[in-house]
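I opened the model to look up a handful of residues and some values for the chain as a whole. My entries follow in the order in which I made them.

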Amino acid sequence: NCSMVNTVLATMTADAFKNFADAIEGGAKPDAVAQEALNKHWRVLFDGNGYDPAWLDEANSRGIWRIDSGVDAINMMASEKNIKLFADMKVLSKDELVARRDIGLQHYSGIVEMEALCFIDMLKQQIIPAIKEAEQDIKTVGAALKAVETGLAAMHHEADDYKKASLARVLRLETMITAREAVDSAEAECPAHLWPVATYKEMLFLDANQDSSGNTI
């Protein structure tokens, strides 16, 4: 749902046009207003690859403030600057912004919690039993399971919405990524007929890996 994104962009644009209109109605020449805006904000114009990691260094060199974490971005919704912006534009009140911030953080934490619980179930009920049956060492995957469980427990013990969402971000983007790498390494060594979930080969070439009864060949 991009409605909040569009609301933010539209409010920022409306505020900028209001500032232009106020200046022009106050006697400034339109060309001068436009030139001042460009001179002040020229550094933010960029037509390169915004997904290139090199852009982060470029943004820093230009003195552009950025937020790399979605959790931090959600939390900034109720900052004093943003509360003033939305209030001045008569779009959202402080209470409405705070509510959206809290709901956004809780929603993020809830999604990660479900992902982590699902991952833990898969490890315990499918992946680790398959590794044992293949007589492989479960030490690495077992440690990964413990790390995910520890991260999830830390979330459950945190009452503050922002701190909990921050822990969830680490769990999702660091701990679970490392755990996934451990599982991928185990899959590479496990005989295909023992692996309990679909392999990439099966997902990409499903019709070429099944017999007439739908059984994996």
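**Terms and source.** I call a residue buried under 20% relative accessible area, exposed over 50%, and partly exposed in between, with a 1.4 Å probe and protein chains only. This is a predicted model, in which I take local features at pLDDT of at least 70 and side-chain atom pairs only at pLDDT 80 or more, while totals for chains, interfaces and linings use all residues. Residues are numbered from 1 along each chain as its sequence is written, and side-chain values use heavy atoms, with hydrogens and water left out.

**Asn-82.** I began with Asn-82, which lies in helix H5. Helices here are DSSP runs of H or I with at least four residues, strands are runs of E with at least two, and both are numbered from the N terminus. Is Asn-82 buried or exposed? I find Asn-82 buried, because its relative accessible area is 15%. I then looked for polar contacts, meaning a pair of N or O atoms within 3.5 Å; within protein, one must be able to donate a hydrogen and the other to accept it, and residues adjacent in sequence count only if both atoms are side-chain atoms. The side chain of Asn-82 has such a contact with the side chain of Ser-79, at 3.0 Å. A polar contact of 3.2 Å also links the side chains of Asn-82 and Lys-81. For contacts in general I use heavy atoms within 4.5 Å. With neighbours within four places in sequence left aside, Asn-82 is in contact with Met-76, Met-77 and Leu-97.

**Lys-81.** I noted that Lys-81 is in helix H5, which covers residues 80-88. Lys-81 counts as exposed because its relative accessible area is 57%. I also took a distance from Lys-81 to Leu-145: C-alpha to C-alpha they are 42 Å apart, with their positions 64 residues apart in sequence.

**Two loop residues.** I looked up two residues with positive phi that are not glycines. Lys-90 has a phi of about 55° and is not a glycine. I place Lys-90 in the loop between H5 and helix H6 (94-133). Lys-90 has 74% relative accessibility, so I list it as exposed. Glu-135 has a positive phi of about 60° and is not a glycine either. Glu-135 sits in the loop between H6 and helix H7 (139-156). With a relative accessible area of 75%, Glu-135 is exposed.

**Helix H6.** Next I took Leu-123, which is in helix H6. What is the relative accessible area of Leu-123? The value is 0%, so Leu-123 is buried. Outside its neighbours within four places in sequence, I find Leu-123 in contact with Ile-128, Pro-129, Val-141, Leu-145 and Val-183. The C-alpha atoms of Leu-123 and Glu-149 are 11 Å apart, and the two residues are 26 apart in sequence. Ala-99 is also placed in helix H6. I enter Ala-99 as partly exposed because its relative accessibility is 34%. From Ala-99 to Ala-16 I have 25 Å between C-alpha atoms and 83 residues along the chain.

**Glu-202.** I went on to Glu-202, in helix H9 (residues 200-204). Glu-202 is buried, since its relative accessible area is 18%. The C-alpha atoms of Glu-202 and Val-112 are 27 Å apart, with the residues 90 apart along the chain.

**The chain as a whole.** How many helices and strands does the protein chain have? I count 9 helices and 0 strands. Its radius of gyration is 25 Å, well over the 17 Å that the globule rule gives for 217 residues, so the chain is more spread out than a compact globule. That radius is taken over C-alpha atoms, and the rule is 2.2 Å times the number of residues to the power 0.38. The C-alpha trace spans about 80 × 40 × 40 Å along its principal axes. Buried residues make up 24% of the 217. Of the contacts between residues at least 6 apart in sequence, 59% join residues at least 24 apart.
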